[in-house]
Amino acid sequence: MKIYVEDLRFQCIIGILDFERVTPQDVIINLELEYDFQEEFINYADLASEIKNTMINEKFLLLEDAIEKISKNLQENFSKIDTLKLKITKPSILPDCRVSVEDSFHFNLK
């Protein structure tokens, strides 16, 4: 089974520049995960809440660090996840483009 959580939008402190450490910025998170759906399901709201809380509470310097931390938290809290693709976008950090970082993880491969 695949689950997609797309365009999860909120503001948080993320970045290495001084202004990025003071003013919350918009972020957009997309994830795709696969898991073995038998009789248990993964609650989408719980996934979204876990991601948002991690981003807001940690105040990361780099998008890359945020992706690593979120993937570890999801693996610990949603043990049914087999594979995960996670993308974080900062839509307004540069004047003429969006900046995104993406990575894929494999947890419970048989």
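**Helix α1, the core and the ring pairs**

Colleague: What covers the buried residues of α1?
Modeller: This is a predicted model. Contact here is counted for heavy atoms within 4.5 Å. By that rule, what covers the buried residues of α1 includes β1, β2, α2 and β3.

Colleague: Which residues of α1 are buried?
Modeller: Buried means under 20% relative accessible area. In α1 the residues that meet this are Leu47, Ala48, Ile51, Thr54 and Met55.

Colleague: Why do they count as lying on the same side of α1?
Modeller: An α-helix has 3.6 residues a turn, so residues three or four places apart point the same way. The buried residues of α1 are Leu47, Ala48, Ile51, Thr54 and Met55. They sit on the same side of the helix because the arc they cover around the axis is only 135°.

Colleague: Which residues are exposed on the other side of α1?
Modeller: Exposed means over 50% relative accessible area. On that other side, the exposed residues are Ala45 and Asn57.

Colleague: How many Å does α1 reach from its first C-alpha to its last?
Modeller: α1 has 15 residues. At 1.5 Å a residue, 21 Å is expected. The reach is close to that, at 21 Å.

Colleague: What happens at the start of α1, and which backbone nitrogen is involved?
Modeller: Asparagine 43 offers a side-chain oxygen there. That oxygen comes to within 2.8 Å of the backbone nitrogen of alanine 45.

Colleague: Which residue with positive phi follows α1?
Modeller: The phi in question is near 55°. It belongs to lysine 59.

Colleague: Which residues touch the most other members of the largest nonpolar core?
Modeller: This core has 30 residues. Elements giving two or more residues to it are β1 (2-12), β2 (25-35), α1 (44-58), α2 (63-77), β3 (81-94) and β4 (97-106). The residues touching the most other members are Ile29, Leu33, Met55 and Leu74.

Colleague: What does leucine 33 touch, leaving out residues up to four places away in sequence?
Modeller: Leucine 33 is in the group of core residues that touch the most other members. With those sequence neighbours left out, its contacts are Met1, Lys2, Ile3, Ile42, Leu47, Ile81, Thr83 and Leu84.

Colleague: Is the pair of tyrosine 35 and phenylalanine 37 stacked or edge-to-face?
Modeller: At 6% relative accessibility, tyrosine 35 is buried. Phenylalanine 37, at 40%, is partly exposed. Their ring centres are 6.3 Å apart and their planes meet at 85°, so the pair is edge-to-face.

Colleague: Which arrangement do phenylalanine 105 and phenylalanine 107 have, stacked or edge-to-face?
Modeller: Both phenylalanine 105 and phenylalanine 107 are buried. Their ring centres lie 6.3 Å apart with planes at 15°, so the pair is stacked.

Key: Residues are numbered from 1 along each chain as its sequence is written. This is a predicted model: local features need pLDDT of at least 70, side-chain atom pairs count only at pLDDT 80 or more; totals for chains, interfaces and linings use all residues. Side-chain values use heavy atoms; hydrogens and water are left out. A nonpolar core is a set of buried Ala, Val, Leu, Ile, Met, Phe, Trp, Tyr and Cys residues joined through side-chain atoms within 4.5 Å. Buried means under 20% relative accessible area, exposed over 50%, partly exposed in between (1.4 Å probe, protein chains only). Helices (H or I, at least four residues) and strands (E, at least two) are DSSP runs, numbered from the N terminus. Rings of Phe, Tyr and Trp (its six-membered ring) pair if their centres lie within 6.5 Å; planes under 30 degrees apart count as stacked, over 60 as edge-to-face and the rest as tilted. The expected span of a helix is 1.5 Å times one less than its number of residues. The arc is that of the directions from the helix axis to the C-beta atoms. A polar contact is a pair of N or O atoms within 3.5 Å; within protein, one must be able to donate a hydrogen and the other to accept it, and residues adjacent in sequence count only if both atoms are side-chain atoms.
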